[in-house]
Amino acid sequence: QNQSGVRGYVGDLIDLSSVTGSGTLEGGENMQMLFDGSTDTKFLEVATPTEDDPVWVSFQLTEPKVITTYSICAGNDSQPRDPADWILYGSADGNDWVELDKREGESFYARKQENIYTFENDTAYAYYKISVTKKQAADNCTQFSELRLGTGEGEMFVTSTGSGGAVGSLSNFIDRTSVEGTTSFDNENKF
């Protein structure tokens with residue numbers, strides 16, 4: 001079942017055996033949980049990321065795709081663990097990485113919230129990597145529940161969550177890069 005707030009979701013093209021990174025592939029909160037289509041699970045790494053020592057995850061698609069949009073979903077608990085700064089990369093070979101999008105000072109206003117981002121790109125890459133360089137606040141862990149990539153074309157899949165999810169407020173699905181003149185969002189302002 002495809003679940004996403006991005007257009008042209010490519011989750012079915014992620015080769016789960018290629019998932020690697022600074023975290024672990026073992027246990028219930030491993031890196032592969034980022035691609036299971038559920039905000040009820042999460043990836044958690046006991047680490048405080050920095051620019052020199054980021055929390056990162058890379059993976060390969062079964063066929064190269066031009067990615068122009070992606071989303072990150074907050075974890076189910078502990079807001080201080082949410083990513084704040086990160087870089088999304090693409091690569092043809094999994095060795096030489098090209099910066100596609102860089103974000104700083106991002107935040108999530110609800111647990112399991114999906115933030116959607118868009119950027120300019122016209123190159124199809126087979127490999128993608130997210131490198132988190134800062135999280136929200138002091139905590140010894142970094143977490144997020146989903147990383148969803150899309151081509152920006154085609155149908156938009158709407159996220160569904162389990163009990164306690166953030167679905168129900170359209171503000172949880174705003175593409176923050178396309179709203180002009182708005183500097184902050186909160187769950188009190190329903191769009």
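Biologist: What makes β1-β3-β8-β5-β6 the strand order of an open sheet?

Modeller: The five strands pair in that order, antiparallel. Strands are DSSP runs (E, at least two residues), numbered from the N terminus. Two strands pair if DSSP finds at least two bridges between them. The edge strands are β1 (14-21) and β6 (98-103), each paired on one side only. This is a predicted model, where local features need pLDDT of at least 70, side-chain atom pairs count only at pLDDT 80 or more, and totals for chains, interfaces and linings use all residues. Residues are numbered from 1 along each chain as its sequence is written, and side-chain values use heavy atoms, without hydrogens and water.

Biologist: How do you know that β3 and β8 pair?

Modeller: DSSP needs at least two bridges. Strand β3 (residues 55-65) and strand β8 (residues 125-135) have seven, in the antiparallel sense. Val55 stands opposite Val132 in β8.

Biologist: How do you know that β10 is mostly covered?

Modeller: Buried means under 20% relative accessible area (1.4 Å probe, protein chains only). Five of the five residues of β10 meet that. Glu146, Arg148 and Gly150 lie on one side, Leu147 and Leu149 on the other.

Biologist: What makes the 29 residues a nonpolar core?

Modeller: Such a core is a set of buried Ala, Val, Leu, Ile, Met, Phe, Trp, Tyr and Cys residues joined through side-chain atoms within 4.5 Å. The largest one has 29 residues, and Phe59, Tyr70 and Leu147 have the most contacts inside it. Strands supplying at least two residues each include β4 (69-73) and β10 (146-150).

Biologist: Why is β4 called a partner of β10?

Modeller: Pairing takes at least two bridges. β4 and β10 have five, so they qualify, in the antiparallel sense. Thr69 has Gly150 as its bridge partner in β10.

Terms used
Helices (H or I, at least four residues) and strands (E, at least two) are DSSP runs, numbered from the N terminus. Buried means under 20% relative accessible area, exposed over 50%, partly exposed in between (1.4 Å probe, protein chains only).
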